[in-house]
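Trainee: I am new to this structure and would love a close look at one part of it. Could you pick a charged side chain, tell me what surrounds it, and then show me how the rest connects?

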Amino acid sequence: MINFTSQTVLVIALIWLTVISAISIVVCVYDKVISKKDRVELRIPEKVLLILSALGGSLAMYITMQIIHHKTKHKKFMIGIPVIMAVQIVLIILYFYFVA
């Protein structure tokens, strides 16, 4: 069994969050651009945007949506993504309280 130190876990988590946040931003902006061109067949499914948020891109996704005004009228996103962020914050706190 591999024994990771808290510092190693933190570095891996930061790399993951950076990558998934960048992907979330690109996907969100792409979907916004395509939505303006009425190319429905090229749109990103809403569940993909939510999955990217759940995988760690929630903060980047939420900020991007606010900046480019994308999906801001959809309760699923304006309530769902902050809830995902809250759950992620709780999980991070629990990890460092009980494991690290």
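Mentor: Let's start with Glu46, which counts as partly exposed because its relative accessibility is 25%, and partly exposed covers the range between buried, under 20%, and exposed, over 50%. Please keep in mind that this is a predicted model.

What does Glu46 pair with? Its side chain meets that of Lys76 in a salt bridge, with 2.8 Å from N to O. Glu46 lies in helix H2 and Lys76 in helix H3 (residues 75–78), so this pair ties together parts that are 30 residues apart in sequence. Lys76 is also partly exposed, at a relative accessible area of 45%. The pair is not on its own: Glu46, Lys71 and Lys76 are linked in a network of salt bridges. As a general point, side chains of opposite charge can pair when their charged atoms come close.

How many salt bridges are there in the whole structure? A search finds four. Another of them joins Arg43 to Asp31, whose closest N and O atoms are 2.7 Å apart. Arg43 sits in the loop between helix H1 (6–36) and helix H2 (46–68), while Asp31 belongs to helix H1, so the pair ties together parts that are twelve residues apart in sequence. Is each partner buried or exposed? Arg43 is partly exposed, with a relative accessible area of 29%, whereas Asp31 is buried at 0%. Glu41 and Arg39 also meet through their side chains in a salt bridge, at 2.7 Å from N to O. Here Glu41 is exposed, at 56% relative accessibility, and Arg39 is partly exposed, at 38%.

Now back to H2, the helix that holds Glu46. Two packed helices are described by the angle between their axes and the distance between the axes. For H1 and H2, the axes are 8 Å apart and the packing angle is about 55°. That makes H1 oblique to H2, because an angle of 35 to 65 degrees is neither roughly parallel nor roughly perpendicular. H1 passes H2 in a right-handed crossing. On the H1 side, the residues making the contact include Trp16, Leu17, Ile20, Val27, Cys28 and Asp31; among those on the H2 side are Leu49, Leu52, Gly56, Gly57, Ala60, Met61 and Ile68. You have already met Asp31: this H1 residue takes part in the contact with H2 and also forms the salt bridge with Arg43.

One last stop takes us to the aromatic rings. The whole structure yields two aromatic pairs. In one of them, Tyr95 and Phe96 are edge-to-face, with 5.0 Å centre to centre and 85° between the planes. Tyr95 is partly exposed at 28% relative accessibility, and Phe96 is likewise partly exposed, with a relative accessible area of 35%. The other pair, Tyr97 and Phe98, is edge-to-face as well, at 4.8 Å centre to centre with 90° between the planes. Tyr97 counts as exposed at 63% relative accessibility, and Phe98 counts as exposed at 62%.

Notes: Residues numbered from 1 in each chain as written. Predicted model: local features only at pLDDT ≥ 70, side-chain atom pairs only at ≥ 80, totals over all residues. Heavy atoms only, no water. Phe/Tyr/Trp six-rings, centres within 6.5 Å; stacked < 30°, edge-to-face > 60°. Buried < 20%, exposed > 50% of the residue type's maximum accessible area, 1.4 Å probe, protein only. Helix = DSSP H or I, 4+ residues; strand = E, 2+ residues; numbered from the N terminus. Axes fitted to C-alpha atoms, helices over the stretch in contact; angles between N-to-C directions. Parallel < 35°, antiparallel > 145°, perpendicular 65-115°, else oblique. Left-handed = near helix turned anticlockwise from the far one by under 90°. Contact = heavy atoms within 4.5 Å.
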